[in-house]
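Please open the structure in a viewer and keep the selection panel at hand. The tour below proceeds stop by stop, stating what to select and what is found there.

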2 protein chains.
Amino acid sequence: MGAIDSAVVDLPEAVARASLVVICTPVESVPQYVELSLRHAPDAGLVTDVGSTKAGIVTEVARRLSGPDESRRHGRFVGSHPLAGSQRAGVEHAQADLFEGRTVIVTPTGLEPAEHVDAIQGFWESLGAKAIRHSPAVHDQAVAAISHLPHLAAAALAAATPAQWLSLAATGWLDTTRVASGDVEMWRQIFAANRACVLQSFDQFLQVLGHCREALERGDDRELVRWLLVGKKVHDAVGD
Amino acid sequence: MGAIDSAVVDLPEAVARASLVVICTPVESVPQYVELSLRHAPDAGLVTDVGSTKAGIVTEVARRLSGPDESRRHGRFVGSHPLAGSQRAGVEHAQADLFEGRTVIVTPTGLEPAEHVDAIQGFWESLGAKAIRHSPAVHDQAVAAISHLPHLAAAALAAATPAQWLSLAATGWLDTTRVASGDVEMWRQIFAANRACVLQSFDQFLQVLGHCREALERGDDRELVRWLLVGKKVHDAVGD
């Protein structure tokens, strides 16, 4: 496909002359590769990642680099999370304009030199993305609601569909369950890393579902319409 | 757009020489227009509809045409439900190949002459659709699981998303909540007409959600992965 100019399987060798390293692995592996990159990249090299959770990664990177001469290295890592991609994996689904117009959350801890945060933000902006900043903790709350809970809801909805009706599934069912198609091990790690925030979002969802169910059971059309309208307005305010 | 050859606002006049009438209104209005069409279309004219619920419509049409000379008219109505379309409404979203390759459920009661059911099925097949037959009651159970519950789940998910994070919503959230964008009054009528079946599907969904939530809270990754895998497999078996 022409997507890879040079491939190296040894990380220290791969980053030896890198001015920027972007770690793209499931979240549980991110800290070890960040650490390795920081140790083997040139002194001026920066490291970021694209993990879907941030607080755990940042804490673990800090823990791994806690020696007296390591804080300088630690300040060369700034976490990122591009809100782009799809349920598909593999280079055959690569897309040159993947980040064009998409949001990337950069998650400084406040301990990094400002110019490093600016550099990481500039990197994403050079790919056409809109970069914004949140603390790792705030990031994790936000994506629990906007990404992690929808994944669980989609998976549960697909899992709850009786097999005998699947042949009747049309675009609506496919849209609503699409994200459930994502890599399961990748998602296991995300849920393990963001358990508390996902549970909080989950309970807000269950509460709204409870209201809808009660309205449906009571035949309270006004209440049901109220929720349908909120759902429609919120969706339509976001996009198509 | 060239989509409409001739427009008439008076139904009796519109159907006076029709060999086939297709009623496309929200479900609560279908029976009255079916009745009116059967009374004013030529004796050989057939009537169908595209309503998303069927048992209520069929019962109400039968009730409206219960006189001794009406049963002949009643047998000229055969319900249909094309599983196609989108959350969009209006002629500007018309699509000539909308039914190409899509499933249409034809819902005979068993009281219609076989040739009428064949004719309605043939009509949908002439548009490129795959027509299958189910009783109105079985149809309503199937679409509760495959269409009506996903709509409620999507609306509840959108409604439960905190406003401050909506600017971060990406394709995953938009896919998962897309159907919530459908016309609210149309959906109110669907839920009112298919309450019992939707409640049954709703409770199956809540049960799976409960298992997922418990696994998440307990940190039981194996159980959570089990549900993620079921969801992924079910989705991937259906489509993209």
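How do the residues of the lining of the largest cavity divide into nonpolar, polar and charged? The model to be inspected is a predicted one, and its cavities form the opening stop. A search of the whole structure yields three cavities of 30 Å³ or more, and the largest cavity has a volume of about 40 Å³. To display its lining, select Val58(A), His74(A), Phe77(A), Val78(A), Gly79(A), Thr107(A), Thr109(A) and Glu112(A). Colouring this selection by class gives the answer: three residues are nonpolar, four are polar and one is charged.

**Chain A: H6 and H8**

Next, select residues 136-160 of chain A, which form helix H6, together with residues 184-193 of chain A, which form helix H8. The two helices pack at an angle of about 125°, and their axes lie 11 Å apart. Because of that angle, H6(A) is oblique to H8(A). The crossing of the pair is left-handed. To view the contact itself, show the side chains of Ser147(A), His148(A), His151(A) and Leu152(A) in H6(A), which meet Trp187(A), Ile190(A) and Phe191(A) in H8(A). By class, this contact of H6(A) with H8(A) comprises four nonpolar residues, three polar residues and no charged residues.

**Chain B: H6 and H8**

Now move to chain B and select helix H6 (residues 136-160) and helix H8 (residues 184-193). Here the packing angle is about 125°, with the axes 11 Å apart. H6(B) and H8(B) are therefore oblique to each other. H6(B) passes H8(B) in a left-handed crossing. On the H6(B) side, the contact is made by Ser147(B), His148(B), His151(B) and Leu152(B); on the H8(B) side, by Trp187(B), Ile190(B) and Phe191(B). The residues of the contact of H6(B) with H8(B) divide into four nonpolar, three polar and no charged.

**Chain B: H6 and H9**

Keep H6(B) displayed and add helix H9, residues 195-218 of chain B. At what angle do H6(B) and H9(B) pack? The angle is about 60°, and the axes are 8 Å apart. H6(B) passes H9(B) in a right-handed crossing. For the final selection, take Asp140(B), Gln141(B), Ala144(B), Ala145(B), His148(B), Leu149(B), Leu152(B) and Ala153(B) of H6(B), which make the contact with Cys197(B), Val198(B), Ser201(B), Phe202(B) and Phe205(B) of H9(B). Coloured by class, the contact of H6(B) with H9(B) shows nine nonpolar residues, three polar residues and one charged residue.

Conventions. Residues numbered from 1 in each chain as written. Chains lettered and ligands numbered in written order. Predicted model: local features only at pLDDT ≥ 70, side-chain atom pairs only at ≥ 80, totals over all residues. Heavy atoms only, no water. 1 Å grid on protein atoms, 1.4 Å probe; cavity = no way out; pocket = protein on both sides within 12 Å on 5 of 7 lines; lining within 4 Å. Points joined across faces, edges and corners; volume = space filled by probe spheres on them. Nonpolar A, V, L, I, M, F, W, Y, C, P; charged D, E, K, R; others polar. Axes fitted to C-alpha atoms, helices over the stretch in contact; angles between N-to-C directions. Helix = DSSP H or I, 4+ residues; strand = E, 2+ residues; numbered from the N terminus. Parallel < 35°, antiparallel > 145°, perpendicular 65-115°, else oblique. Left-handed = near helix turned anticlockwise from the far one by under 90°. Contact = heavy atoms within 4.5 Å.
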